[in-house]
Every structure is written in C-alpha cells, then in structure tokens.
Amino acid sequence: MSHLAAWIHTPLAQAIGWTLAHFIWEGAVLAAVLMALLRLHREAPARRRYALACLILAAMPVAFAITLAAMWARRPASVAMPIHWAPLAVPQVPISVPSPRLSWAAVLDRLAWLVPVWFAGVAFFYARGLAGWAAVRRLRRRGVCAPAPEWQARLDELAARMRLLRPVALLESCFTDTPVLIGYLRPVILLPLGCLTGLSAAQVECILLHELAHAVRHDYVVNLLQALVEGLLFYHPAVWWVSRVARTERENCCDDRVVELVGNARVYAATLAVLEQRRALAPQAALAATGGNLMKRIRRLTKESRGAQTSAAPAFSAALLLVILAAALTALPAKLPRARHAIPAGVALAPPKPQTAAETTTPYRKWLKEDVVYIISDQERAAFQKLTTDAEREEFIAEFWLQRGSAFKEEHYRRIAYANQHFGGSKAGWKTDRGRIYITYGPPDEIDDHSSGGSYRRPPEEGGGEVSAFPFQQWRYRYIEGVGNNIIIEFVDHGGTGDFRMTSDPSEKVATPYRKWLNEDVVYIIGDAERIAFGELTTDQERENFIEEFWKRRNPTPDTVENEFKEEHYRRIAYANEHFSTGIPGWKTDMGRIYIVYGPPDAVATMGAAAEAWIYRYIQGMGQNVTLVFENSQGDGEFHLTNDPMRKPN
Amino acid sequence: MSAKTNQPPRPTDAELEILTVLWSLGPSTVRDVHATIVRRKPAQYTTVLKTLQIMADKGLVKRNEKQRAHIYSAARPREWTQQQLAGDLLQRAFGGSAASLMLGALAAHRASPTELAELRKFLEEYEKGKP
C-alpha cells in the first residue's frame, strides 16, 4: 500500500489523475456535440448519423490523450520537490467563515487515488472483453451444424452480389437465439436452430443480407475498437451513450442496405418482427445483454419517405463541430499557464489520413486490384495499402511471391493470360466468373462443355428429362483446398453474350421460352446493347415487357394494333425454315439469315448446283445493287455466303 | 449419476454437435447425421455411429428400432440442454460482453410482451395501410 501511496504522488499518476478529471467535462461536451449534431441530422441517412457517432467516439480517446500530454507537460521539473498546484493552490488568506467544503489540496490528493481505481477498472473491462471474445470464438465450433448446401450456395451468391471477397460460412447454432455474424477475416453467420425451416426463403435472405452488410462494412473491427474505447473510458456515461448510438445507427445502416437490395421494406420489417416473436417463445437463452429497440427500427424502416437532404446541413454541422472542439481544446492550455507546449487547437480534428489504394500509384494499384486481387489475403492487402514508398511496395511484392514458392508467380500469370485469352468478352477475361475461378483454382480436372446450348439430357437429381438449355459449362475439380472433394462449378451464359456467370442453382441453365426468343427469333436483328440489357433482366415479367418494347420500337405504324414489322419478321423466319432447311434449321443457314435480315432478294441467279447469287437493289448501309453469292462448296446442299455483309471487320 | 437423477448428463462437445444436428433435422438415421457433419468437417461414419450409441446409453438420444435403419432423436429439447449448458461459468460471466462482440440482426435483449404486442399491431396496421 505504501508503494501505491508513493506512486500516486509521482508526476505520471498526478497527470493521469488530472486527465481523468478533465475528461469528465470533455466527454460531456463531446456527447452534447453529438446530441446537437444528431438533432440537426434527424432525417439524415443512417450512414451519416453513424459516421457522426463514430467520429465523436474516436474524438474521445484523442481528447483524453491530448489532455494527458498537456498534463504531463506541466509536471514539475524536479520529482523530489514537493508538489504545489500553483494556479489552484489554497489561498494564503485564512477563510474567516468555516467552510464545510474540502480544500483544493485535499481534493487533489483524493483525485490521485482514483488512478489505481481507474487502472483496475480498465483491466476488468479488457479482461472481460477478452473472455467474451474467446467465448464468441468458441461459438464457431461448439453446438453448430452446417445447413443444407443450397443455403450456403445462396449465401455465397448474395455475398458475391454484395462484392464481399471474404468467404462467409453459414452455420446453425444451438446457442444463439438470434442470427449473428462473428469473426472478421473468416466471418461466420450463426442462425438459431429452426430459423431456416421456420422462415420463408425471402425472410431468410433478408437476414443473410443484413449480416452480410455487417461483413462488407467491416463492422466487426469497428465494434472491437469501440469496445476498446468503452473499456478505456468506462467511467464516463457519455462514452457508453455515444457507443450505443453508434451501435444503433450501425444496425440502421445494415437495415437500409437490406431494403435497398430487397427493394421492399415491408418484407424485411416483417422478418424482424417474426424473428423477435419466435425468440419470445423460447425460454431465456444463454447469451443476453441490453440495447436496441426493435419497434423504433421497424418504424424507421416502414416510414414512407425519408426526405431528400439539403446539402447545407452537413457543412453546417461540420463547422459547428470544428468550432466547439477548437474552443474546448484551446480552453485547455489557457488554463495551464505553465504548459511547456501549447497543444495546437484542432489536432483532434485532423483524422488519420487513410492510405487508400487510390493514393498508391497506378502500377501498384493494378498489381493489387488486378494481378493478385483473387489471391491476396485481407491482411496482406491492408499491409500493402499502408506502404508509402515505391521501394517498400517493390519489396512487398517480391516477398509476396517468394512466400508462395518458386513456380507460383509464373503459373499465376499464365492463368491470368489464359483467362484473358479464353474468357474475355464484353469484360476482361480475368474479371469474368470463369476467369476468377480459373485464376484462383487453376485449370479444372474436367470440363463438361455445353457452350453451344441446345438440348440437354438432365440428370435425374436435377429433375431428369430432355430440356433446352442455355449455353453452360460445368467445371469439375477433384479437390480444392479448404472447399472439399469433387467440386463442380457451373457457369451459365444467359444472354448468349459469352459472359458465363457462376451459379449454384442447377435450374438456371434450363432455357425458358425467352431464350428461344433471344437466340432464335430475333438473334439477327437484336442490337448488342439490347442483348446485354435483356441478359440483365431477372424476372419473366421484365422480359415480357422488354419483348413488347422491342417490337414496339420497330413498329412502322405505332398507332395501329398491327405491327407490320413483327409480322413480316416471323413470316421471313417461317419462309426460311421452309425453304432453306438442310441438315440444320433454315433460319440458321446463311441464306436464312440473309433472308430474315434483308427480306426476299430482288433477283436471284443460279449457277448450277454450285452457287447462287442474290441481288438486292438497295440495302441500307451497303448501297445499291448488292450482290451476295452463296456457294455450295461441300456439295452437301448447304450454301455458304462468300462475302458476308454482316461480318464485322477484324 | 445419470441413473440416480434420471437426467441425461451434460453432453460433450462432440455429443453436442450431434444433438445440434438432430435438433436441426429432426429424427434422423446415422447416415443423415453423418452426411450433415461432414459438410463442416471430416468425420468417420463409424465414429458418428459409435457416439450415437454411447449417447443412447447415456440417455441423451432416443433410438427407434422399428425400421431397419435405426432412427435417432434428441431426448431433450434444445432449450433444456441450453439451460443445462448455460451453467457454463464462461458463458454466464461473459455472455454480456460476448453478445456485444457479435453483430446480430436483432438486439441481444428480447422484446418485452408489450413491445411484441405493439410490434404485431404496428405491422398489421402497416399491412392494412398499404394493400
């Protein structure tokens, strides 16, 4: 105890004691600032309110550190000398009226005793947090089971849609009674048992999207930092309040994202309510804490409109924040006449400049965002982005390849080249799904290629029978590390544009009537842009509308019911199929194609069985008297066009 | 001990995993349980079978032998076992801080009955307001 008594009179302990005392008003001021800001931004999107809360929460330890530095700076020069708090010393004049108040010196003496108490508190909160963290980690392995593979696949799909590169695992847990996300580098979503069977697919998807939103937004890390601040400044209620605001707004941010993706607040609000009701049926579970108000969240979600924001409000509040913080910080050194270094006001406001990839120069950026985008780990990425000089980056890259073994780099670039060469189309080969898989896992052990589409004999587990299919490929890998044995990845090209997309739904490759429309009916007359737009459509209703619009645009007499263009087009197809069919359907032959696009020729010249020439008096874009020659070079009755007007120049 | 109190003992981690599968799937054959477990980690069929037999002896699971493939089901509901495991010191002392480290779709605390009633009413009104 005497050691402690001696220690608390050291300058460091005194400085900490003063800092703890000063932070009481600093924390209160910061919380008041947040309160004012939130009032100003009452209708603002959750993202902004969340940013404000985080900013204030970050300002708290910064204010604490600055105060501590200032207090340390004004410590007495010599430790041996008795400490006198000159500016606040007891007046020499005796006070005539006996005062019940303690003298300042006595207060100060007691203040110093707070320091060990504070240390103990911090140690308690950090130990508790650490133990909690360990408990959470155990939840990944204990009392969990993997759901049906379709759910994991659906989750992967949703994760890809949200551009989340880290793989997310989906598990059912017997410990949690609410869906949760844990972990950062290898996030896991835990669902309560029965959640998957008890809710509709759309509702489960809402939940998964919410948790994925957390993962995409790096909330897990922010939450950990938040816990650190809470532990450090645990004695101030304002800290807990600000932290709670941040948590609430964080949930709101994720709610917004879900509604944005699902496009329907009602489904999502109902999902939350159903979840809560299911939970109410179960007895109290193992994990419980406080926070959040579901009713508020649902009200917020179902609110009709969130008014458009005026741009003046953020600027105003930023200015307000600056002024208040600057005032608070300048007031501090002013009270300390003996301060050796005046702390420049506004230090707390300069946010740590994030070294983003945008700041790194282009070749390195390309390296990070293209060359190794699929194989670099999150830690490596973060480390790379922190580098500041090109020499460091060069060294990092060299080390990166070195770690992966001698032949790795060569093979990796070979894969990229291969992907670009073979899978490229409207976008670069490495960016396509096939490119990504090829680059990450290498060449598959087997490819089942159906890239010409057409009819496909479905295996019994997919429903059996003979179906018409989109162009698709199945890649089989005998083994993928960390994934498993005999992995089959399916890619489907819905638009016929060569852009094969990865899918986990075996029914996606089965063609609908719309595919016939796209790749047979209008294959020669649909524009590239239209084709791409059609490929993006997701519902049959959208496709119906698209087709209707497609014909309407081409209708020469829009005010009549008849669409002469459409009628003529289908007449030509029928004619082609009737007259030009050989081994292949007439519409697919060269003659069929020309007939469908340009209509009947004005004159036909036959040259025996070997060739036939079609003469058009005028074709738009090609001029007058266009002669197209078809040759029957193989003598098999199939006439091939020798001078194709539609072939694009290379 | 289990014979005296006539209550199944606390399951080990391996047993808990099998119980979780049974709670999730409902009554299942060893094959079903094994198939679910291997989705997450490699496991031998015989190990699963053996564990299930031990669990049946302990009274953790019930075995229905009417069919050729024996059907196993959890002897107690999930909630019961959860309460039993909640005695876990770590879970009890640090549950609160653990909960704040997880990111959930719902707040970690449960809604009160009045809050639930309010929720239901609100949703009904909302549905009505927007046919």
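**Reading helices, strands and loops in chains A and B**

Reader: Which residues of helix α17 (residues 433-441) of chain A are buried?

Author: Burial is judged by counting neighbours: a residue is called buried if 20 or more other C-beta atoms lie within 10 Å of its own. In α17 of chain A, the buried residues are A:Arg434, A:Gly435, A:Ile437, A:Tyr438 and A:Ile439. Please keep in mind that this is a predicted model.

Reader: What do the buried residues of α17(A) pack against?

Author: Their partners are one helix and three strands of chain A: α16 (408-423), β8 (472-480), β9 (484-492) and β10 (501-503). Look also at what follows the helix: after α17(A) comes A:Gly442, with a positive phi near 80°.

Reader: Which residues are buried in helix α22 (residues 590-598) of chain A?

Author: You can read this helix in the same way. In α22(A), A:Met591, A:Gly592, A:Ile594, A:Tyr595, A:Ile596 and A:Tyr598 are buried. Their cover includes α21 (564-579) as well as β12, β13 and β14 of chain A. Here too a glycine comes next: A:Gly599, just after α22(A), has a positive phi of about 85°.

Reader: You mentioned β12, β13 and β14 of chain A. In what order do the strands of their sheet lie?

Author: To read a sheet, follow the strands from one side to the other. This open sheet has 4 strands in the order β11-β12-β13-β14 of chain A, and the pairing is antiparallel. At its edges are β11 (603-607) and β14 (640-641) of chain A, each pairing on one side only.

Reader: How many bridges join β12 to β13 of chain A?

Author: There are 8 bridges between β12 (residues 611-619) and β13 (residues 623-631) of chain A, and the two strands run antiparallel. For one of the pairs to find in the structure, start at A:Trp614, whose bridge partner in β13(A) is A:Leu628.

Reader: Now for two helices side by side. How are two packed helices described?

Author: Packed helices are described by two values, the angle between their axes and the distance between the axes. Take α2 (residues 11-40) and α9 (residues 237-262) of chain A: their axes come within 9 Å and cross at roughly 30°. That angle makes α2(A) roughly parallel to α9(A). The crossing of α2(A) past α9(A) is left-handed.

Reader: Which residues meet where α2(A) and α9(A) touch?

Author: From α2(A) come A:Gly27, A:Ala28, A:Leu30, A:Ala31 and A:Leu34, and they meet A:Ala238, A:Val239, A:Trp241, A:Val242 and A:Val245 of α9(A). By type, this contact of α2(A) with α9(A) has 9 nonpolar residues, 1 polar and no charged.

Reader: Are α8(A) and α9(A) roughly parallel or roughly antiparallel?

Author: Begin with the angle again. The axes of α8(A) and α9(A) come within 10 Å and cross at roughly 170°, so these two helices are roughly antiparallel to each other. A:Asp219, A:Gln226, A:Val229 and A:Glu230 of α8(A) make the contact with A:Val239, A:Trp240, A:Ser243, A:Ala246 and A:Arg250 of α9(A). The residues of this contact of α8(A) with α9(A) are 4 nonpolar, 2 polar and 3 charged.

Reader: Where is A:His218, and what is its phi near?

Author: A:His218 lies in the loop between α7 (201-216) and α8 (219-232) of chain A. Its phi is positive, near 60°, in a residue other than glycine. A:His218 counts as exposed because it has 11 C-beta neighbours inside 10 Å, and the limit for exposed is 12 or fewer.

A:Arg163 can be read likewise. A:Arg163 is not a glycine, yet its phi is positive, about 60°. You will find A:Arg163 in the loop between α5 (149-161) and β2 (169-173) of chain A. With 7 C-beta neighbours inside 10 Å, A:Arg163 counts as exposed.

Reader: Is A:Glu481 buried or exposed?

Author: A:Glu481 counts as exposed, because it has 6 C-beta neighbours inside 10 Å. A:Glu481 sits in the loop between β8 and β9 of chain A. Its C-alpha atom is separated by 9.0 Å from that of A:Tyr441, 40 residues away along the chain.

Reader: How many helices and strands do chain A and chain B have?

Author: Chain A has 22 helices and 14 strands, and 27% of its 650 residues count as buried. Chain B has 7 helices and 3 strands, in the sequence pattern α-α-α-α-β-β-α-α-β-α. Of the 131 residues in chain B, 34% are buried.

Note on methods:
Residues are numbered from 1 along each chain as its sequence is written. Chains are lettered from A and ligands numbered from 1 in the order in which they are written. This is a predicted model: local features need pLDDT of at least 70, side-chain atom pairs count only at pLDDT 80 or more; totals for chains, interfaces and linings use all residues. Axes are lines fitted to C-alpha atoms, for helices over the stretch in contact, and angles run from 0 to 180 degrees between N-to-C directions. Angles under 35 degrees count as roughly parallel, over 145 as roughly antiparallel, 65 to 115 as roughly perpendicular and the rest as oblique. A crossing is left-handed if the near helix is turned anticlockwise from the far one by less than a right angle, and right-handed if clockwise. Two residues are in contact if their C-beta atoms, placed from the backbone, lie within 7 Å. Ala, Val, Leu, Ile, Met, Phe, Trp, Tyr, Cys and Pro count as nonpolar, Asp, Glu, Lys and Arg as charged, and the others, Gly among them, as polar. Two strands pair if DSSP finds at least two bridges between them.
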